[in-house]
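Open the model in your viewer and keep the sequence panel beside it. The stops below give a selection to make and then what is there.

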Amino acid sequence: MTAVPPDPPAPQDPAPQDASPRGLDLERLRGRLDAALPGLVAGPLSGRLIEGGRSNLTYAVTDGSSRWVVRRPPLGHVLATAHDMRREHRVIAALHGTAVPVPEPVMLCEDAEVLGAPFYVMEYVEGVPYRTAEQLAGLGPERTRRAVLGLVDTLVDLHAVDPEAVGLGDFGRPEGFLDRQLRRWGKQLAASRGRELAGIDELQAALGRSLPVSGAPTVVHGDFRLDNVLIGGPDDAIRAVLDWEMSTLGDPLTDLGLLVMYSSDLGLGDSPVSTTSGAPGHPAPAELIERYAARSGRDTGAIAWYTAFAWFKLAVILEGIHYRYTLGQTVGAGFDRIGELVPVFIEHGLTTLTELQEG
């Protein structure tokens, strides 16, 4: 997740610790796993929070011989339509076994009495999430290019999945998807809005006036970018696509627009928000669009709108993080600087729409 304080790129192996991490009661987790899957856990559990997540909390857990990952909602201020553990679990269960690499789901627990909120457990996958250009630069130009183009190919594979064939035919309502998404993120903004934000209402209104006509719907990830995947192995392949909390059925170009946004230069120096675009060998946004269009066969002519929408969506997400920070409900370091960056995303969105209208 590039919109969070970055961590060093290293396999996310949990270091044993005596106390439970905040938000994860290891004793209660062990009890539920033993009840649901007897024999799965061989010994006492230890675990740690995997830094980098800006929304749902992710923990690496081990019994000393096996490893798993636990996902749960953030602590406090849970918006009505966000942080749906059942939804995340359902989509990775459906996609497991397709061309889209996802961790194998282990258990879904909707009983909030266990950890204070619903959660699910999934397979631990070895790999590295590259969050900044500096981290990605360590691969060198050739490997960086291969990894980023592989990300585009994985997106094409996702959008090629037949939702009906994997049991996701009712996973969303594609009709009116873009209008509904715009209204949804407007509501998310209202629910987390504790200050004035110049230009954000103008951006939302401008997006509403120029809605493109969507093509055939697909499963969309909703937050598709380089640091939401794990890369590993000698071929630097995508080992797992993570963070499916925003997934649904809808317009696939929303995923591409977000990827283009995260592959653009934000023009920021040292900040908790960055992209990987500055890494040597990183393909330019235009090449990513061209590769996606060629491999998917989809018309990407309106991609500027989708990119502007991505700027708006991220501005809303970042404002939500800032709001939770002001309430003392964030876990991790660096969240104190998120609020000052929201106007940057708003400005990029307005600029992108202006260029679209002038073009």
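## Aromatic pairs

A search of the whole structure finds 3 aromatic pairs. Rings of Phe, Tyr and Trp (its six-membered ring) count as a pair if their centres lie within 6.5 Å, with planes under 30 degrees apart called stacked, over 60 edge-to-face and the rest tilted. Select Trp305 and Phe309: the ring centres are 5.5 Å apart and the planes meet at 10 degrees, so this pair is stacked. This is a predicted model, in which local features need pLDDT of at least 70 and side-chain atom pairs count only at pLDDT 80 or more, while totals for chains, interfaces and linings use all residues. Residues are numbered from 1 along each chain as its sequence is written, and side-chain values use heavy atoms, with hydrogens and water left out.

Show helix 10 (residues 303–326) as a ribbon; both Trp305 and Phe309 lie in it, 4 residues apart, about one turn of the helix. Helices (H or I, at least four residues) and strands (E, at least two) are DSSP runs, numbered from the N terminus. Trp305 has 1% relative accessibility and counts as buried; Phe309, at 2%, is also buried. Here buried means under 20% relative accessible area, exposed over 50% and partly exposed in between (1.4 Å probe, protein chains only). Add Tyr306 to the selection: Trp305, Tyr306 and Phe309 form one aromatic cluster.

Next, select Trp311 and Phe345. Trp311 is buried at 3% relative accessibility, and Phe345 is buried at 1%. Their rings form an edge-to-face pair, 5.5 Å centre to centre with 65 degrees between the planes. The pair links distant parts of the chain, with Trp311 in helix 10 and Phe345 in helix 11 (residues 342–358), 34 residues apart.

## A charge over a ring

Select Arg87 and Phe171. The charged end of Arg87 sits over the ring of Phe171, 4.0 Å from the ring centre. The criterion is NZ of Lys or CZ of Arg within 6 Å of the ring centre and within 35 degrees of the ring normal.

## Helix 9 and its neighbours

Select residues 285–296, which form helix 9. Which of its residues are buried? They are Leu288, Ile289 and Tyr292. Looking down the axis of helix 9, the buried residues fall within an arc of 100 degrees (taken from the directions from the helix axis to the C-beta atoms), so they line one face. The face turned away from the buried side carries the exposed residues Ala286, Glu290 and Ala294.

Now show helix 5 (141–160), helix 8 (253–262) and helix 10, against which the buried residues of helix 9 pack. Contact means heavy atoms within 4.5 Å. Helix 8 is mostly covered, with 10 of its 10 residues buried; among them are Asp255 and Tyr262. Move on to Gly297, which follows helix 9 and has a positive phi, near 80 degrees.

## Thr218

Select Thr218, found in strand 6 (residues 218–220). Thr218 counts as buried at 2% relative accessibility. Not counting residues up to four places away in sequence, Thr218 touches His159, Thr248, Leu249, Gly250, Pro252 and Arg298. The C-alpha atoms of Thr218 and Thr248 are separated by 8.3 Å, with their positions 30 residues apart along the chain.

## The whole chain

Zoom out to the full chain, which has 11 helices and 9 strands. Buried residues make up 55% of its 359 residues.

Definitions and conventions
The expected span of a helix is 1.5 Å times one less than its number of residues.
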